[in-house]
Amino acid sequence: MKDKLKECIKWLKSKGVDYADCRYVRREAENIRTANGNVEMLSRDLDVGVGIRVLASGSWGFAATAVLTSVDLKKTANKALQVAKASAMTQREKVVLADEKPHVDYYKSPCKKDPFRIPTDEKLNLLIGLTEDLKKVKKIRRAEASMDFFKTNKIFVSTDGAEIEQDIIESGGGFEALAFHGKEAHRRSYPNSFRGDYACRGYEFIEEMDLPSHTERIANEAVQLLSAKPCPDTHSDIIICGSQMALQVHESCGHPIELDRVLGTEISLAGGSFMTIDKLNKLKYGSDIVNITADATIKGAFGSFGYDDEGVKAQRKPIIKNGKFVGYLTSRETGPIVKKKSNGTMRASGWNRIPLIRMTNINLEPGKWELDDLIADTKKGIFFGPNKSWSIDDKRLNFQFGGECAWEIKNGKLGQMYKNPVYTGITPEFWNSCDAICNKNHWHVWGVPNCGKGEPMQSMHVAHGTAPARFRNIKVGVSK
């Protein structure tokens, strides 16, 4: 396949294009879902094709094909070239790409057990067993469990001379229990809400989560919520669990630092950003202990890779340094606007989608606290569990997050459970109220399988390394 892509690139060079790249993607996906002891979904999909970007006369063109003959690749390349020339007719400014070394390399994500070689019966028996165990607890009316696996082969070739091949395997899964009584219904999930946890690893990641050992506790907590008191409507110190911190970072930092969103070229679906260019290196985003990085190099994390879809090598870059806003997620096109090179965040969800600036692993770096010591240091407060709902405005400034559950903190100890808890804030004020972050012992990179962006929509795999953290005097209340 690589020879066909190189032939296509050679043909585009002969047409005098400014730049072009061809990206072959072959992706297998498996999805298994069970509920109440029954199989609800079992699917395997194979998707193969080539996407071609062309920069000509200073404007972009893109076309894609699932027909992989040399003739059809050249037809597709010509279509992308014609789109670029047509785009140039309405051009405001010519696209200028940051320099990038043309890498020739091979990358493979870590994998001990290929999930596509694990017998289907073994996966089904695990998921069915999880839902049967959850249902053993009285008042659990619905129990769900799922697994997803992805195997992707990519070949990237560009007119700059890049030749990069990558093989990436991803695995993830989890379960949830729903308790009903009268008009009350509550959900608890493990290891995280909304489909569990994910990583760029093999089936060993599923085994290491040890899902069966957590069913009884999660089911009982779902039932406890039926009789729990509502979260008080007040201002309170709060400690947020690691998985909810991951969504907090995702929505209030990850999306606002996407430079295409800041520049308004990717704004219609989910809004813009309050972190405008004039705030770079000036905005006091958080307290001095807040350090947030973009790190696509973490071994086995769901937002890790070898190279992005512009052929830029995976990197670790500071975003928030000692509370100060110091960096965006950039591409070869947008980097020069802030006098930087690309930091390697351009990715597409498939061969037939154009790459966009996407999060990698956007991480709140660990602090110094043990979780027990942090709770003991909190005289009065609320400990927030995993996410149930979220809402954030189109500048990523005002937000509200709801949890599956929360617990009272009284005199340094966890107390009664609260149902339907929410907390609200304004992004910089909220992060400046952070006075404690737990250490590496409590730090985990949470995989997010469904980060949406673009038109047409692209669902991307990203991740967030987080640990529980404390925020002072936050508005809390109860969702209806």
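This passage walks through helix 2, the pocket and cavities, and two buried loop residues of a predicted model.

A good place to start is helix 2, which runs over residues 70-88. With 19 residues at 1.5 Å a residue, helix 2 should span 27 Å, and its end C-alpha atoms are indeed 27 Å apart, so the expected and modelled spans agree. Within this helix, Leu73, Thr76, Ala77, Ala80, Leu81 and Ala84 are buried. They lie on the same side of helix 2, because they cover an arc of only 145° around the axis. The spacing follows a familiar rule: an α-helix has 3.6 residues a turn, so residues three or four places apart point the same way. What do the buried residues of helix 2 pack against? Their partners are helix 1 (2-14), strand 2 (38-56) and strand 3 (59-65). On the other side of helix 2, by contrast, Val71, Lys75 and Lys79 are exposed.

Helix 2 also turns up in the lining of the largest pocket. This pocket has a volume of about 1100 Å³. Its lining comprises 36 residues, and those closest to its centre are Trp60, Val95, Thr265, Glu333 and Thr334. Two or more lining residues come from each of strand 3, helix 2, helix 7 (259-263) and strand 15 (356-357). Strand 3 makes the greatest contribution, giving 4 residues to the lining of the largest pocket. Sorted by class, the lining of this pocket holds 14 nonpolar, 12 polar and 10 charged residues.

Enclosed spaces come next. How many cavities of 30 Å³ or more does the structure hold? There are 4. The largest cavity contains about 180 Å³ of space. It is lined by 17 residues, with Arg27, Lys154, Ile168, Glu170 and Arg347 nearest its centre. Strand 5 (140-158), strand 6 (163-181) and strand 25 (458-466) each provide at least two residues of this lining. The lining of the largest cavity divides into 7 nonpolar, 6 polar and 4 charged residues.

The second largest cavity has a volume of about 50 Å³. Its lining includes Tyr19, the run Glu100, Lys101, Pro102 and His103, and also Phe156, Ser158, Asp160 and Ala162. Glu310, Gly311 and Arg332 line this cavity too. Here the classes are 4 nonpolar, 3 polar and 5 charged residues.

Two loop residues round off the picture. Threonine 330 sits in the loop between strand 13 (324-325) and strand 14 (346-347). Is threonine 330 buried or exposed? At 2% relative accessibility, threonine 330 counts as buried, the cut-off for that label being under 20%. Leaving aside residues up to four places away in sequence, threonine 330 touches Leu259, Gly335, Val338, Lys341, Ser342, Asn343, Gly344, Thr345 and Ile357. The C-alpha atom of threonine 330 also lies 7.0 Å from that of glutamate 258, although 72 residues separate the two along the chain.

Serine 433 occupies the loop between helix 9 (427-432) and strand 23 (434-437). With a relative accessible area of 14%, serine 433 is likewise buried. Which residues does serine 433 touch, not counting those up to four places away in sequence? The contacts are with Arg470, Phe471, Arg472 and Ile474.

Notes
Residues are numbered from 1 along each chain as its sequence is written. This is a predicted model: local features need pLDDT of at least 70, side-chain atom pairs count only at pLDDT 80 or more; totals for chains, interfaces and linings use all residues. Side-chain values use heavy atoms; hydrogens and water are left out. On a 1 Å grid over the protein atoms alone, a cavity is a set of points where a 1.4 Å probe fits but cannot get out, and a pocket is an open set with protein on both sides within 12 Å along at least five of seven lines; lining residues have an atom within 4 Å of a point. Grid points are joined across faces, edges and corners, and a volume is the space filled by probe spheres set on the points. Ala, Val, Leu, Ile, Met, Phe, Trp, Tyr, Cys and Pro count as nonpolar, Asp, Glu, Lys and Arg as charged, and the others, Gly among them, as polar. Buried means under 20% relative accessible area, exposed over 50%, partly exposed in between (1.4 Å probe, protein chains only). Contact means heavy atoms within 4.5 Å. The expected span of a helix is 1.5 Å times one less than its number of residues. The arc is that of the directions from the helix axis to the C-beta atoms.
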